Amino acid sequence: MSTSRTIGIIAGNGVYPATFIEAARRKSPGVKLVVAAFENETNPELQKTVDAWEWLRVGQLGKLIKHFKREGATEAIMVGQIAPKNLFDLRPDLRTLMLLARVKERNAETLFGAIGDELAKDGITLLPATTFLEDLLPEPGPVCGPVLKKRQLEDAAFGFRMAKESSRLDIGQTVVVRHGTVLAVEAFEGTNACIRRGGELGRGREVLLAKVSKPNQDFRFDVPVVGPHTIETCVEAGVKAIVIEARRTLLLERATVERLCKEREVSIHAME
């Protein structure tokens, strides 16, 4: 059955936008997909798979909203990485400047939340970033790779608790642990740098990565993601196990992740 649904896609880099587009076509036949693409961020090859496309400079919120309204979008979704610090670096337009003037704390939650509010003013609802991708949210238990042993499960539970506390304090959502000791905590440097630092400190022996969501996380624009690059970074750093939050973490390119985990003996386990 066809539908007149029109969704605006705020598309960053990586495979996330392509994954969403494929899932939307499969699960909502007839959907019209309208992309707001960012220069030096969005893969131009995606233009072949959607119905409308507009190139934007970072910071052109007014142009983005006009593009969506012109194409009839009443819903929008944010998919792919666009660092908050880059969103407003480059010649912000008037609407962006007005938004910034109202935001007291400029972090991911406040900035993206403010964008959602601006979209709503023009009748555009910001969808959860997991829309159409629910099958990529693992259930509790072993996900792929070797099943964790008792000692690893204890470390997984410990790492999960520490990551939850770190995320509650809005420091970071990822920690690296070994035998009940926190080796590294993610902050502004990002997940991959945290993995490398933790792996180096743990010397690659029984090192575990824990990645969780924030309490009351807004899933419209901030979803924990694990993909092939995460696995490759863990392998390079000597991290042999990853614990994620069940039903709240996207496993992008799942078939590739499962293959890499099997080949490189990296475990992924979901907890709640």
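Two strands count as paired here if DSSP finds at least two bridges between them. By that yardstick, β6 and strand β13 (residues 267-271) of this predicted model make a pair, running antiparallel over 3 bridges. Within β13, the residue facing G141 is A270.

That pair belongs to an open sheet of 6 strands, ordered β6-β13-β11-β9-β7-β8, and the pairing in this sheet is mixed. The edges are taken by β6 and β8 (181-185), each with a single partner strand, so one side of each has no neighbour in the sheet. On average, and ignoring direction, neighbouring strands of this sheet are turned by 30 degrees against each other. Helix α6 (residues 150-168) packs on the sheet and touches β7 (174-178), β8, β9 (207-211), β11 (239-245) and β13. The direction of α6 makes about 145 degrees with that of β7. Helix α7, for its part, lies across β7, β8, β9 and β11, and runs at about 145 degrees to β8.

At the β8 end of the strand order, β7 and β8 pair in the antiparallel sense over 4 bridges. R178 has T181 of β8 as its bridge partner. The two strands, β7 and β8, form a hairpin with 2 residues between them, and H179 in the turn has a positive phi of about 50 degrees.

Besides lying across strands, α7 (residues 191-202) also meets helix α8 (residues 228-237): their axes come within 8 Å and cross at roughly 25 degrees. That angle makes α7 roughly parallel to α8, given that anything under 35 degrees counts as such. The crossing of α7 and α8 is right-handed. On the α7 side, the contact is made by N192, I195, R196, G199 and E200, while α8 brings in H229, T230, T233, C234 and A237. Sorted by class, this contact of α7 with α8 has 3 nonpolar, 5 polar and 2 charged residues.

Now for the other sheet. An open sheet of 5 strands has the order β3-β2-β1-β4-β5, and here the pairing is parallel. Its edges are held by β3 (52-56) and β5 (125-126), and each has a single partner strand, so one side of each is left without a neighbour in the sheet. Further in, strand β1 (residues 6-11) and strand β4 (residues 75-79) pair in the parallel sense over 5 bridges. A11 finds its bridge partner in V79 of β4.

A second helix contact involves α2 (residues 61-70) and α4 (residues 94-102), which pack at an angle of about 115 degrees with their axes 6 Å apart. From α2 come L61, G62 and I65, and from α4 come R95, T96 and L99. By class, the α2 contact with α4 has 3 nonpolar, 2 polar and 1 charged residues.

Finally, the aromatics. A search of the whole structure turns up 2 aromatic pairs. In one of them, the rings of F20 and F132 have their centres 5.8 Å apart and their planes at 35 degrees, so the pair is tilted. F20 sits in helix α1 (residues 16-27) and F132 in the loop between β5 and β6 (141-144), so the pair ties together parts that are 112 residues apart in sequence.

How values were computed:
Residues are numbered from 1 along each chain as its sequence is written. This is a predicted model: local features need pLDDT of at least 70, side-chain atom pairs count only at pLDDT 80 or more; totals for chains, interfaces and linings use all residues. Side-chain values use heavy atoms; hydrogens and water are left out. Axes are lines fitted to C-alpha atoms, for helices over the stretch in contact, and angles run from 0 to 180 degrees between N-to-C directions. Angles under 35 degrees count as roughly parallel, over 145 as roughly antiparallel, 65 to 115 as roughly perpendicular and the rest as oblique. A crossing is left-handed if the near helix is turned anticlockwise from the far one by less than a right angle, and right-handed if clockwise. Contact means heavy atoms within 4.5 Å. Ala, Val, Leu, Ile, Met, Phe, Trp, Tyr, Cys and Pro count as nonpolar, Asp, Glu, Lys and Arg as charged, and the others, Gly among them, as polar. Rings of Phe, Tyr and Trp (its six-membered ring) pair if their centres lie within 6.5 Å; planes under 30 degrees apart count as stacked, over 60 as edge-to-face and the rest as tilted.
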